[in-house]
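Me: I've got a protein model open and I'd like to go through it bit by bit. Can you help me make sense of what I'm seeing?

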Amino acid sequence: MKINDRNQQKRLDRSVEALFEERMTRQEFFRRATAWGVSAVILSDILGLHKKAFAMQDPSPEILERIKAEGGELAVFNWEEYIHPETIPNFEAEFGVKVTFDTFPGNEHLLAKLQAGGARYDVVFPTHNFVPIHIGQGLLEPLDLENIPDLGNSMPRFLNTTADPGNIYTVPYLWGMTALAHNTKYTKDDPNVDSWALFFESGPERYSGKLAFTDEREEVIATALAYLGYSINSRNKDELLEAGELLIKTKPHVKAFYPGADMTKALITEDIIVGHEWNGEVVKAHRKNPNVEWLLPKEGGTAWFDSMAIAKGAPHKFTAEVFINYMLRPDVAAANSDEGGYATANLVAVEKFVSAEVANNPAIYPTADDLSRLEFLEVLTDDILPVYDDIWTRLLGA
């Protein structure tokens with residue numbers, strides 16, 4: 001399989017080596033080779049040989065039979081734009097499963113859906129601080145970890161956490177940060193460009209009507225707590241009320257509280273100049289509009305990780321566990337991370353498959369200094385819930 005261009009041949013040879021050493025996914029190999037103009041015939045030959053070489057990874061007849069016995073179907077409920085476009089089709093082809101794939105914009109939406117009966121979803125993706133709520137309300141099925149052997153690929157920091165001791169109900173998926181997006185075309189000379197003051201001080205003065213929040217209650221209140229110098233997990237009612245008043249004071253200058261990935265579009269079109277946003281959405285916006293940059297303020301921000309779980313009463317539980325294990329494959333996990341702009345919780349994926357461009361991007365994989373300024377959101381206690389509810393109700397009504 002020789003090609004005429006010597007440099008192209010060298011690039012191809014290196015990529016083939018990386019593919020067969022499992023340092024590159026099939027998706028990434030195909031993307032690169034196509035961009036270099038490698039012919040479809042050569043690509044087909046290489047990928048065919050790769051498939052034969054790794055044929056031992058094909059699912060066993062027993063697994064396929066159990067999937068067939070469950071109906072050969074699966075219903076997945078995931079966040080918006082949070083998975084590689086080839087992940088589901090590849091799973092369907094490999095395991096003979098017809099997947100129904102729906103998306104939700106936020107944790108409250110997912111929780112309400114499961115509380116209402118789950119619409120018979122199998123696999124769902126709650127954030128870590130919502131997991132204890134799901135477990136406490138009996139909304140999740142215990143996992144049979146015998147069917148999820150690749151759980152060991154996960155980073156230890158995301159296993160056996162206080163959210164789900166022993167990983168009885170969940171396994172880690174992607175993780176990230178929530179802080180600020182800003183458009184450097186407008187903020188380049190702003191003296192507050194390293195701080196939450198960019199939002200709460202410069203915002204009303206310079207970017208009124210061009211500010212935005214996510215619509216996640218805990219995340220929004222955390223912004224004001226961080227700016228005021230308090231822990232984002234503060235349970236002090238006076239501190240919380242002070243944060244609430246700051247948010248209400250800022251509200252007239254806020255364009256919207258955006259659900260899910262809607263703010264990404266607003267950042268790209270420059271309808272929003274400074275936005276409170278998830279880091280992966282900022283990364284995706286930056287790809288379309290390079291003026292949009294990620295900012296973790298000096299006061300810090302929130303951190304979180306999303307999990308894969310099985311909804312209570314799921315009609316395809318075994319198939320769901322097979323799917324979760326498939327998502328834990330290093331190459332699949334890396335592809336989902338590269339596509340979504342979020343860090344994977346899969347250690348083997350980071351070591352072998354995540355592209356260097358992604359792994360070295362502090363907007364996706366935070367530095368040690370960044371990590372020291374991040375706090376993982378904690379579950380709200382029953383005594384503090386009314387305070388959050390009151391702040392949120394008054395804020396939305398202001």
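**A walk through the model**

Me: Let's start with E81: what does it count as at 47% relative accessibility?
Reply: Keep in mind that this is a predicted model. E81 lies in the loop between β1 and α5. Buried needs a value under 20% and exposed one over 50%. E81 has a relative accessibility of 47%, so it counts as partly exposed.

Me: And what is the phi of E81 near?
Reply: E81 is a residue other than glycine, and still its phi is positive. The value is near 50°.

Me: N167 has a positive phi too, so is N167 buried or exposed?
Reply: Phi of N167 is about 50°, although N167 is not a glycine. You'll find N167 in the loop between α7 (131-136) and β4 (170-183). The cut-off for buried is under 20%. N167 has 7% relative accessibility, so it counts as buried.

Me: Moving on to helix α5 (residues 87-95), which of its residues are buried?
Reply: Helix α5 is followed by G96, which has a positive phi near 65°. Within α5 itself, the buried residues are T87, I88, F91 and F95.

Me: Why are those buried residues on the same side of α5?
Reply: An α-helix has 3.6 residues a turn, so residues three or four places apart point the same way. What covers the buried residues of α5 includes α4 (61-69), β1 (73-79), β2 (98-104), α15 (317-327) and α16 (330-340). The buried residues are on the same side of α5 because they cover an arc of only 95° around the axis.

Me: How many residues does the largest nonpolar core have, and which helix gives the most to it?
Reply: In soluble globular proteins, nonpolar side chains tend to be buried together. The largest core here has 64 residues, and F199, F200, F213, L240, L247 and V274 have the most contacts inside it. The helix that gives the most to this core, with six residues, is α11 (residues 217-227).

Me: How many residues are in the second core?
Reply: This core is separate, and L74, F91, L111 and V123 are among its residues. Its total is 47 residues.

Me: Which residues is F199 in contact with, apart from neighbours within four places in sequence?
Reply: F199 is one of the residues with the most contacts inside the largest core. Its contacts beyond those neighbours are L180, P204, L211, A212, F213, T250, V254, V274 and H276.

Me: P204 is in that list, so what does P204 count as at 24% relative accessibility?
Reply: P204 sits in helix α10 (residues 202-206). Leaving out residues up to four places away in sequence, P204 touches F199, L211 and H253. Buried would need a value under 20%. At 24%, P204 therefore counts as partly exposed.

Me: How far apart in space are P204 and K249, C-alpha to C-alpha?
Reply: In sequence, P204 and K249 are 45 residues apart. In space, the C-alpha to C-alpha distance is 9.6 Å.

Me: Is W294 buried or exposed?
Reply: W294 belongs to strand β8 (residues 292-295). Not counting residues up to four places away in sequence, its contacts include M177, L180, W278 and P362. The limit for buried is under 20%. The relative accessible area of W294 is 15%, so W294 is buried.

Me: And A303, is that buried or exposed?
Reply: A303 is in strand β9. Beyond neighbours within four places in sequence, A303 is in contact with H128, G176, M177, L374, E375, F376 and L377. Its relative accessible area is 1%, so A303 is buried.

Me: What about empty space: how much of it lies in the largest cavity?
Reply: The structure holds four cavities of 30 Å³ or more. The largest cavity is lined by 18 residues, with W79, T127, W278, W304 and D306 nearest its centre. The space inside is about 190 Å³.

Me: Last one: how many charged residues are in the lining of the second largest pocket?
Reply: That pocket has a volume of about 760 Å³. It is lined by 31 residues, and R31, R287, D338, E339 and V358 are the closest to its centre. The lining has 13 nonpolar and six polar residues, and the charged ones number twelve.

Conventions:
Residues are numbered from 1 along each chain as its sequence is written. This is a predicted model: local features need pLDDT of at least 70, side-chain atom pairs count only at pLDDT 80 or more; totals for chains, interfaces and linings use all residues. Side-chain values use heavy atoms; hydrogens and water are left out. A nonpolar core is a set of buried Ala, Val, Leu, Ile, Met, Phe, Trp, Tyr and Cys residues joined through side-chain atoms within 4.5 Å. Buried means under 20% relative accessible area, exposed over 50%, partly exposed in between (1.4 Å probe, protein chains only). Helices (H or I, at least four residues) and strands (E, at least two) are DSSP runs, numbered from the N terminus. Contact means heavy atoms within 4.5 Å. The arc is that of the directions from the helix axis to the C-beta atoms. On a 1 Å grid over the protein atoms alone, a cavity is a set of points where a 1.4 Å probe fits but cannot get out, and a pocket is an open set with protein on both sides within 12 Å along at least five of seven lines; lining residues have an atom within 4 Å of a point. Grid points are joined across faces, edges and corners, and a volume is the space filled by probe spheres set on the points. Ala, Val, Leu, Ile, Met, Phe, Trp, Tyr, Cys and Pro count as nonpolar, Asp, Glu, Lys and Arg as charged, and the others, Gly among them, as polar.
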